[in-house]
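Here are some friendly notes to read alongside the model. Take them one at a time, and keep the viewer open as you go.

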Amino acid sequence: QVLWKTNDALTAENIQRVRTMDLTRNLTPALFCYHGIQYQYLGPSALEDAPLAWLSEHLRIGSGFYGLLRPLDGIVPYRLEMQAKLTIGGQTGLYDFWGDIIARQLISESDTIINLASEEYSRSVTRYLPESVRCVTCRFGEWSNGKVIEKGTRCKMARGEMVRFLAEHQAQKPEEMKAFARLGYRFSPEKSTEDLFVFLKNET
């Protein structure tokens with residue numbers, strides 16, 4: 001329960017899952033295996049062939065269990081958050097276990113990265129990136145009492161919607177994200193920099 005942060009029923013389910021886990025059979029493409037808010041708003045099951053092909057080429061999914069996944073990589077159901085306090089081979093946690101492996105894999109594929117991950121997962125990448133790699137991070141906020149705040153659930157919704165937007169538009173460069181106008185968010189030139197794109201909801 002401490003490792004998974006689950007109730008008794010989910011803990012029992014995950015223990016059974018680990019006991020019977022077979023990493024070679026009955027695999028599901030990663031893109032269709034996750035059911036969090038981001039993936040609900042990405043909605044891969046409703047996408048046509050062209051956006052799915054774009055995702056297969058451009059999207060990469062960070063995983064505490066697998067490291068880095070392509071959308072169509074076959075995986076088994078698991079529960080393991082990147083922040084889990086799990087001792088592996090002398091390493092005190094998954095950040096130490098993975099080290100720069102995930103970042104090096106991304107760098108081998110592209111010199112431009114769009115960061116739409118939560119801080120929990122992005123920190124396994126961003127601290128290892130060399131200056132030669134451009135990393136554009138997206139932030140989704142809204143005005144409240146005269147300042148910009150980020151709300152967890154709405155940020156997750158927007159991240160998923162942004163990935164869907166990029167796939168539907170077959171985007172080829174980060175600047176195309178500036179046209180994003182969904183869920184009430186709009187790009188804010190005033191709050192953004194070259195490597196930080198800020199999208200605000202109900203900006204006044």
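**Notes on salt bridges, rings and strands**

1. Glu168 and Arg164 are four residues apart in helix H8, so about one helical turn separates them. Helices here (H or I, at least four residues) and strands (E, at least two) are DSSP runs, numbered from the N terminus. This is a predicted model, in which local features need pLDDT of at least 70 and side-chain atom pairs count only at pLDDT 80 or more, while totals for chains, interfaces and linings use all residues. Residues are numbered from 1 along each chain as its sequence is written, and side-chain values use heavy atoms, with hydrogens and water left out.

2. Glu168 and Arg164 form a salt bridge, their closest N and O atoms being 3.0 Å apart. The term means a side-chain nitrogen of Lys or Arg within 4 Å of a carboxyl oxygen of Asp or Glu. Arg164 is buried at 17% relative accessibility, whereas Glu168 is partly exposed at 34%. Buried stands for under 20% relative accessible area, exposed for over 50%, and partly exposed for in between (1.4 Å probe, protein chains only).

3. Which residues does the salt-bridge network join? Glu161, Arg164, Glu168 and Arg182 are linked into one network by salt bridges that share partners. Between Arg182 and Glu161, the closest N and O atoms are 3.1 Å apart. Arg182 lies in the loop between H8 and E8 and Glu161 in helix H8, so this pair ties together parts that are 21 residues apart in sequence. Glu161 is buried, with a relative accessible area of 12%.

4. The whole structure has 10 salt bridges. One of them joins Glu142 to Lys151, with 3.6 Å between the closest N and O atoms. Glu142 is buried at 7% relative accessible area, while Lys151 is partly exposed at 37%.

5. Now for the rings. Rings of Phe, Tyr and Trp (its six-membered ring) pair if their centres lie within 6.5 Å; planes under 30 degrees apart count as stacked, over 60 as edge-to-face and the rest as tilted. By this rule there are 13 aromatic pairs. Phe97 and Trp98 have ring centres 5.0 Å apart and planes at 75 degrees, so they are edge-to-face. Phe97 is partly exposed at 34%, but Trp98 is buried at 12%.

6. Phe140 and Phe180 are also an edge-to-face pair, 6.1 Å centre to centre with 70 degrees between the planes. Phe140 is in strand E6 (residues 134-144) and Phe180 in the loop between helix H8 (152-168) and strand E8 (185-187), so the pair ties together parts that are 40 residues apart in sequence. Both Phe140 and Phe180 are buried. They belong to one aromatic cluster with Phe165, Tyr185, Phe187, Phe197 and Phe199.

7. Look next at Phe197, in strand E9 (residues 196-201). Is Phe197 buried or exposed? Phe197 is buried, at 2% relative accessibility. Its contacts (heavy atoms within 4.5 Å) include Val136, Arg139, Met177 and Phe187, not counting residues up to four places away in sequence. Phe197 and Arg139 are 58 residues apart in sequence and 6.3 Å apart in space, C-alpha to C-alpha.

8. Finally, try strand E5 (residues 112-115): Ile113 and Asn115 make up its covered face, Thr112 and Ile114 the uncovered one. In a regular strand the side chains alternate between the two faces of the sheet. E5 and E6 run parallel and are joined by four bridges, where DSSP must find at least two bridges for strands to pair. Ile113 stands opposite Cys135 in E6.
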